[in-house]
Every structure is written in C-alpha cells, then in structure tokens.
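Me: I am new to this structure and would like to go through it by asking why things are called what they are called. Please set each value against its cut-off.

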Amino acid sequence: MGRHVFIADHLDDAAPGSTLHLEGAEGHHAAQVVRVRAGEEIDVVDGRGRRVEAQVIEVRRDAVSAQAMNVIDEPAPTPRVIVVQALAKGDRGERAVETLTEVGVDVIVPWSAAHSVSQWRADKADRGVEKWRSAARSSAKQARRSRIPDVLPLMSTPQLREMVESASLALLLDEEASTPISQCALPGEGDVVLVVGPEGGINDAERESLCAWGAQPIRLGPTVLRTSTAGTVAAGIVLAATDRWR
C-alpha cells in the first residue's frame, strides 16, 4: 500500500531532517481518522507540486509531527488539461470534480450553461465553488497527487471565450458530432480544454459561440454519458494519448 498523503500549506523551508507539523483539520484527520503511528512513512504535499517524504515521529490528539526524509519538486505536467464542467443537479457536480481530480485534470471550471438544471445564484455560487474545491482537495489526497486542481470561480458562456481561444486545443463534447475524440491530434504543450455540457445538452447559441471561438465538436462513443462522467472519460482518453500517462 502506498503512503498516506496529507496537505500542508507551508513547505517552502522543508529539507531532509526538518520537522513537519500537521495541525488543525489535517492533523485531526491524520491522528484520529487515518490513525497514523510513530515510525510510519507518509507524504506531505503543498498542493502546488512539492512532495515531502517523511516519517511520523509523534502523534497527539489532533496533531502529527514527522521528520522529512526527502523533498521532491514535481514539475507541472504538460499539456495542461482544463475541464469546463457544466453545473449538474444534486451532488453530481461534486462527484465529477472527484473523478476529474483522480484522473489527473489540472483545472476545473464550473460553467453556468443555459440548460443546467442547477443554477448557482448570488451566495450559492460562492458556496458551490467552495464545495467543489473541498472535493478536489480530498480527492487529490486519495489519488496521492502533489498538485490540487485549481477550481475557478463560476463562469458564464461569454466568460469562456478567452480560455477557449487561447487553448492549444479546445474540444466540445457533443453527442451530435461526427468526429470521435480518438481522431483528435493532441498538442504536446499548452492547454487542452474540454467543454462538458449539462444534462439537458448545450443549446444552439452556446454551440455556435464555442465553435466560433475555436472549439471542435467531438463525440466520445456510441453511448450518451452523464455530464458527471463524460468529462472524466474524455480526460482519461486525452491523458492516455499524451506523454503524461506514458
């Protein structure tokens, strides 16, 4: 079994032999939920690519201390994979964030599409983004990632324009498209943007705008996937075709 992964915000000064402290919610999780023990080896990450391999030296009620053995700065992967995820009803949006994080996506963008059953208005948008960020953080630990995906603020369709236009490749998942995703030529660097529509599908105006900005309509396969799973499947196909999974 691999090492348990915990997140600490300040690892800039970590070096072999230094002492790391997990406190607060993370310390409680390590001590009371995971129940690490003295002598156990763990990984402590900062969510931005630094990983510290450490050995637990003390466990208290809601805190854990560990001695750093090795410090690894993992480079940012390329190409960067961004998923624009339409809001979904119930907890399906959070489930999408969890699996997108597990598969290795770098950026997740909540999208208020016209046909989204769920709509985040006013304070609900802030709460929704925080829930997605919490889901990404938890899932990153489960997946043993050193980098937590960035979950951006809620965006409307017009706000996606710059992201789509500047991408090395932008793909619009569309069940009406004739080109399969397997036929897309993937870039070796830059951003790959995957746009995932809502349960009700994208409307004509959204399709026209996204395509005008450079997005290519593609289909995943012969079946229609839920919005909560389509992005993860598409990201897996893309990642498997790049050097990131080789």
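Me: What makes the contact between the side chains of arginine 3 and glutamate 53 a salt bridge?

Reply: The model is a predicted one, and in it the N to O distance between the side chains of arginine 3 and glutamate 53 is 3.7 Å. A salt bridge needs a side-chain nitrogen of Lys or Arg within 4 Å of a carboxyl oxygen of Asp or Glu, so the pair qualifies.

Me: Which parts of the chain does that pair tie together?

Reply: Arginine 3 lies in the segment before β1, and glutamate 53 is in strand β4, residues 50-59. The two parts are 50 residues apart in sequence, so the pair ties together places well separated along the chain.

Me: Is glutamate 53 buried or exposed, and why?

Reply: Buried means under 20% relative accessible area. Glutamate 53 has 18%, so the term buried applies. Arginine 3 has 27% relative accessibility and therefore counts as partly exposed.

Me: With which aspartate does arginine 3 form a salt bridge?

Reply: With aspartate 43, where the closest N and O atoms are 3.7 Å apart. This pair also links distant parts of the chain, since aspartate 43 sits in strand β3 (residues 41-45) and arginine 3 in the segment before β1 (5-7), 40 residues apart. Aspartate 43 has a relative accessible area of 7%, so this residue is called buried.

Me: Which residues are linked in a network of salt bridges?

Reply: The network is made of Arg3, Glu41, Asp43, Arg51, Glu53 and Glu74. In the whole structure there are 17 salt bridges. Side chains of opposite charge can pair when their charged atoms come close.

Me: Why are glutamate 165 and arginine 161 said to be separated by about one helical turn?

Reply: Both belong to helix α4, residues 161-166, and they are four residues apart there, so the separation comes to about one turn. Their side chains meet in a salt bridge, with 3.0 Å from N to O. That value is within 4 Å, so the name fits.

Me: Why do glutamate 165 and arginine 161 count as partly exposed?

Reply: Partly exposed covers the range between the buried limit of 20% and the exposed limit of 50%. Glutamate 165 is at 42% relative accessibility, so it belongs in that range. Arginine 161, at 44%, is partly exposed as well.

Me: How do you know that tryptophan 111 is buried?

Reply: Its relative accessible area is 0%, and the limit for buried is under 20%, so tryptophan 111 is buried. Tryptophan 111 is found in strand β7, residues 107-111. Valine 84 is 27 residues away from tryptophan 111 in sequence, yet 6.2 Å away in space, C-alpha to C-alpha.

Me: Which residues gather in a patch of positive charge on the surface?

Reply: They are Arg121, Lys124, Arg127 and Lys131. Patch members must have over 30% relative accessible area; lysine 124 is at 38%, so it passes that limit, and it counts as partly exposed. Lysine 124 is found in helix α3, and arginine 127 is in that helix, residues 123-142. Between the C-alpha atoms of lysine 124 and valine 36 there are 36 Å, with their positions 88 residues apart along the chain.

Me: What is noted about phi of arginine 35?

Reply: Phi of arginine 35 is near 60°, which is positive in a residue other than glycine. Arginine 35 is placed in the loop between α1 (24-34) and β3, and is partly exposed with 47% relative accessible area. Arginine 144 also has a positive phi, about 60°, without being a glycine. Arginine 144 lies in the loop between α3 and β8 (150-151).

Me: Which residues does a cis peptide bond join?

Reply: Threonine 78 and proline 79, with omega at about -5°. Proline 79 is in the loop between β5 (64-73) and β6 (80-86).

Me: Why does the radius of gyration of the chain agree with a compact globule?

Reply: For 246 residues, a compact globule would have a value near 18 Å; the chain has 20 Å, so the two agree. The C-alpha atoms fill a box of roughly 60 × 40 × 30 Å along the principal axes. The chain has six helices and eleven strands, and 47% of its 246 residues count as buried.

Technical notes: Residues are numbered from 1 along each chain as its sequence is written. This is a predicted model: local features need pLDDT of at least 70, side-chain atom pairs count only at pLDDT 80 or more; totals for chains, interfaces and linings use all residues. Side-chain values use heavy atoms; hydrogens and water are left out. Patches are made of residues with over 30% relative accessible area and no salt bridge: like charges are joined within 9 Å, nonpolar side chains (Val, Leu, Ile, Met, Phe, Trp, Tyr) within 5 Å. Accessible areas come from the Shrake-Rupley method with a 1.4 Å probe; for residues, only the protein chains shown count as cover. Lys and Arg count as positive and Asp and Glu as negative; His and the chain ends are not counted. The place of a charge is taken as NZ of Lys, CZ of Arg, CG of Asp or CD of Glu. The radius of gyration is taken over C-alpha atoms; the globule rule is 2.2 Å times the number of residues to the power 0.38. Buried means under 20% relative accessible area, exposed over 50%, partly exposed in between (1.4 Å probe, protein chains only).
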